[in-house]
Amino acid sequence: MANLTINGKTFTLDVEPDTPLLWAIRENAGLTGTKYGCGIAQCGACTVHIDGVATRSCGVSVAEAEGKKITTIEGLASGKTLHKVQEAWIAKDVPQCGYCQSGMIMAVAALLSEKPKPTDADIDEAITNICRCGTFQQVREAIHTIASA
Amino acid sequence: MNKHVSPKMNRRAFVIGSAAVGAGLAIGLDLPFGGPAVVRAADGSPEIGAWVVVRPDDTVVIRIARSEMGQGSLTGLAQLVAEELECDWSKVTTEYPTPGQSVARKRVWGDFSTGGSRGIRSSQDYVRKGGATARVMLIQAAADSWKVPASECTAARSVITHTPTGRTTTYGKVAEAAARLTPPADVKLKDPKDWKLVGKGVLRLDTADKTTGTMVYGIDVKVPAMLNAAIKDCPVFGGKLKSYDEAKIAGMKGVKKVVKVGDTAVAVVADTWWHAKTALEALPIVWDEGDNAKVSSESIAKWLAEGLDNEQPAYVGNKNGDVKAAIAGAARKVEAVYNYPYQNHATMEPMNATALYTADKCEVWCGTQNGEAAFAAVLEASGLPAEKCDVHKVMPGGGFGRRGQTDYVRQAVMIAKQMPGTPIKLLWSREEDMAHGRYHPITQCKMTGAFDADNNLVALHYRLSGQSILFSLRPEALQNGMDPAAFQGVAQSGEAAFGYSVPNLLIEHAMRNPHVPPGFWRGVNVNHNAIYMECFMDELANAAGQDPLEFRRKLMGNHPKHLAVLNAVAEKIGWSKPAPQGVYRGIAQVMGYGSYVAGAAEISVTDGSKIKVHRIVASTDPGYVVNPAQVERQIAGSFVYGLSALFYGGCTVKDGKIEQTNFDTYNSMRINEMPKVESVMVPSGGFWGGVGEPTIGVAAPAVLNAYFAATGKRIRSVPLRDQNITFA
């Protein structure tokens, strides 16, 4: 059993401590917005915030995540008010298939909370998620739109 | 429609079937007082023809048979219907009919296949007619209610106006009456110059859920009491499962069952996928790898190289004049050998499908590029007839051609069949996905060009050796053994025609089919044909001492549409003016999927091995552009996919298996490596070309030609990582 604090709620889950956080989130907590892409922390599809830091949840165990504040894509909005990154993603029509976008949005949200007006170089350094559809120029444009708002 | 079914039963069956993922459409039949049958959607709203449902609140539901997988066709097809329907775009929503429903209605929604960049171009005609038909019926219903001629009425934004009196009504108000009318036998479509919605870069209809984590992909499907399966198929293609030691994992947490899947695979079924995967990894498995275990990349390369020998048999795809005589009599000849490797689609979402099998029903939920092919796979694997099967399409996390295949659907049903009544979600690990792709085919190409004494190109011999996709996947499409698709981009005529005139030309294919299963990988055969031809064109220009653009132009007089996109790209990148200091340019053009495309790149190179791509310009003439914003994204995405394959891709074979296992060994470009793509759309009208794939053809050669301009070194082998060349 493990207690995880996800999106402000406490989940008591029947899960082994060495289970990757990704799978505890998806299968035990039932929050499927966080995606599986590689399982080896390469692609970023499973990015969540752990104590505010963008983290690839496939590479973190449940034991390591206990007692920390976990935010997933489902918890990014404040009630019905979307996060500014989600709003920009809709306004700029960023996603194509959209599968990587939960992770992409979480990575961008973390970047903007640290650097509200990132340069292209900041974006290049912080956003390392794979998008096979190739939405990168819309991602960059949307980030700059948020930053200049 | 002519089947006597109980409407209520029918509707309930479909509602239950689709409830698990919360969407889908129900069909009910309503046979009132003699007139034509009214077909109703799940909520009871009437169909106005098969493509359109109008709700009382004026919401218009447009049916989409092709699959959305990120390419934007769902929105584009809805635009085409809405353009003719004259409905309020802000009240448009879409839904997928299921393949089972379509088959039950004599395939009223046509082809579901979404590959070959056909999503829009192959259905634009009948979906527009679907919209126009509904408009005529809605106007007629309003006219009938006013007892005026329909010719006095007009429709715009879902409002019908009787022009002489100014009376108005809305689509929602007349929908019931319209649904009872006999559809007009023929409708006239708008002249493209009168389009208002088509041609506009309206926002996609399916974005919001992709930003909140609520979009349901195959991996997210939840069916009550569902179990999860992880699978391992024999890593050597063509090998078989010999045995496994189930006792070794008997006590592992969550494990419910270990099942054999056909002759080649084993799956562990557990409460969670993580438990299934963990147990599968602990399961001792013995494979019967067979003779294919002796095959390696080296042995394949050697076999293909033999096919480059002119004495070996080959299929002729494009020919004029007498190449052999012209080369023999030429003043000078240039020769080069190129190769292109296997590539994995590596969709972000690994293959998966959820299946529920009972003695009298089999249902599957999955992302697929071809609902009908998935449906056929369900029939075959379940052994049940069509009326007892269905497929519920959900959003695929990428397709790129991979999800046109149905291997994963078949596997899910084969597992579910061994656990009747229990829904099974089969998910491949990334490692399984890398090991069991349907790979971009492997080829080599030897090209010989010959010049006369005045440096005119008098002969071109293009000899391809390697794998045929159709041989493996659609043997019925071979023509006397020849794979006509092998000549995509260098064909004599048609939708992927060669863009140059050379007095003596021979383009031929020595077919060699290794055991690695090939597939339709975004761009398909255009990928390697465009690299070979466009890089060699550059070699020829260099040999002739001419500018690569000017050299091409001289050969393109009879190919004005090819030339027009090449000129558009040259103008946009500023070819006639020098590039910035230290920056070098490359250019390429090709035709594929009915569209003409060209690309140009500006790069700089450090130490001969670090490439920085500064600028990419791409032009396309697809005939018509339905949604320029989405076309722009397809063009940019094609460069990301094509350059990822050029720099980082390449699947190699060792002991009969694919060596790459995950994104650490099969990498993909990141945002820091990708410049903005400047797209130039030059639709010339009169034909419909595709946009999802053709541009990928010019991505790699534009960069490779720029690399030559920068370094004087010619790269003839992909991927670049094998030559220690990477992004700066």
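What follows is a conversation about the domains and two helices of chain B in a predicted model.

Colleague: What makes domain 2 of chain B a domain of two segments?

Modeller: The domain assignment gives domain 2 as 221-290 + 351-427, whereas domain 1 is given as 7-195 and domain 3 as 308-343 + 439-727.

Colleague: How do you know which residues belong to the contact of domain 1 with domain 2 of chain B?

Modeller: Two residues are in contact if their C-beta atoms, placed from the backbone, lie within 7 Å, and the contact takes 19 residues from domain 1 of chain B and 28 residues from domain 2 of chain B. The centres of these two domains, taken over C-alpha atoms, are separated by 36 Å.

Colleague: Which helices supply the side of domain 1 that touches domain 2, and what is the character of its residues?

Modeller: Helix H1 (7-19) and helix H3 (99-104) of chain B each supply at least two residues of that side, and the largest share, four residues, comes from H3(B). The residues of this side divide into eight nonpolar, ten polar and one charged.

Colleague: Why is the crossing of H2(B) and H4(B) called right-handed?

Modeller: A crossing is called right-handed because the near helix is turned clockwise from the far one by less than a right angle; the axes of H2(B) and H4(B) cross at roughly 35° and come within 7 Å, and their crossing is right-handed.

Colleague: What makes up the contact of H2(B) with H4(B)?

Modeller: Residues of H2(B), including Leu77(B), Leu80(B) and Val81(B), meet residues of H4(B), among them Val127(B), Gly131(B) and Arg135(B), and the residues of this contact divide into eight nonpolar, three polar and four charged.

Terms used:
Residues numbered from 1 in each chain as written. Chains lettered and ligands numbered in written order. Predicted model: local features only at pLDDT ≥ 70, side-chain atom pairs only at ≥ 80, totals over all residues. Domains from an automatic or database assignment. Nonpolar A, V, L, I, M, F, W, Y, C, P; charged D, E, K, R; others polar. Axes fitted to C-alpha atoms, helices over the stretch in contact; angles between N-to-C directions.
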